[in-house]
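Here are a few notes to help you find your way around this structure. Have the model open beside you as you read.

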Amino acid sequence: MNAVFLEETRAKLLEIIARMRDRDSLDAVILGGTELPLILRDSGNTGIPFLDTTRIHAEAAAAEMLA
């Protein structure tokens, strides 16, 4: 089945991110895979921004084409 993301998976990812934030003092999380931005659409209560590389690249490409 495509595009089915379990809430347990999302919760576990957010738990891992929170643990890394506390241990490693993260400033942001890079969502570098194609599935990560889909399951982690918002940063929940992590207190750090999520950077969607697909969106960043698409916005930069659009801005370049419109310049």
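1. Let's begin with the largest pocket, which holds about 240 Å³ of space. Please keep in mind that this is a predicted model.

2. Which elements give two or more residues to the lining of the largest pocket? They are α2 (36–39), β2 (50–52) and α3 (53–66). The largest share, 3 residues, comes from β2.

3. If you would like to select the lining yourself, pick L31, P37, L38, L40, R41, F50, L51, D52, R55 and I56. By character, these lining residues divide into 7 nonpolar and 3 charged, with no polar ones.

4. D52, one of the residues that line the pocket, is also worth a look at the start of α3. There, a side-chain oxygen of D52 comes to within 3.0 Å of the backbone nitrogen of T54.

5. Next, follow α3 from end to end. The helix has 14 residues and should span 20 Å at 1.5 Å a residue. The C-alpha atoms at its ends are 20 Å apart, so the model agrees with that expectation.

6. Finally, visit the loop between α1 (7–24) and β1 (29–31), where you will find S25. Most residues other than glycine have a negative phi. S25 is not a glycine, yet its phi is positive, at about 55°.

7. Is S25 buried or exposed? Its relative accessibility is 58%, and the cut-off for exposed is over 50%, so S25 counts as exposed.

Key: Residues are numbered from 1 along each chain as its sequence is written. This is a predicted model: local features need pLDDT of at least 70, side-chain atom pairs count only at pLDDT 80 or more; totals for chains, interfaces and linings use all residues. Side-chain values use heavy atoms; hydrogens and water are left out. On a 1 Å grid over the protein atoms alone, a cavity is a set of points where a 1.4 Å probe fits but cannot get out, and a pocket is an open set with protein on both sides within 12 Å along at least five of seven lines; lining residues have an atom within 4 Å of a point. Grid points are joined across faces, edges and corners, and a volume is the space filled by probe spheres set on the points. Helices (H or I, at least four residues) and strands (E, at least two) are DSSP runs, numbered from the N terminus. Ala, Val, Leu, Ile, Met, Phe, Trp, Tyr, Cys and Pro count as nonpolar, Asp, Glu, Lys and Arg as charged, and the others, Gly among them, as polar. The expected span of a helix is 1.5 Å times one less than its number of residues. A polar contact is a pair of N or O atoms within 3.5 Å; within protein, one must be able to donate a hydrogen and the other to accept it, and residues adjacent in sequence count only if both atoms are side-chain atoms. Buried means under 20% relative accessible area, exposed over 50%, partly exposed in between (1.4 Å probe, protein chains only).
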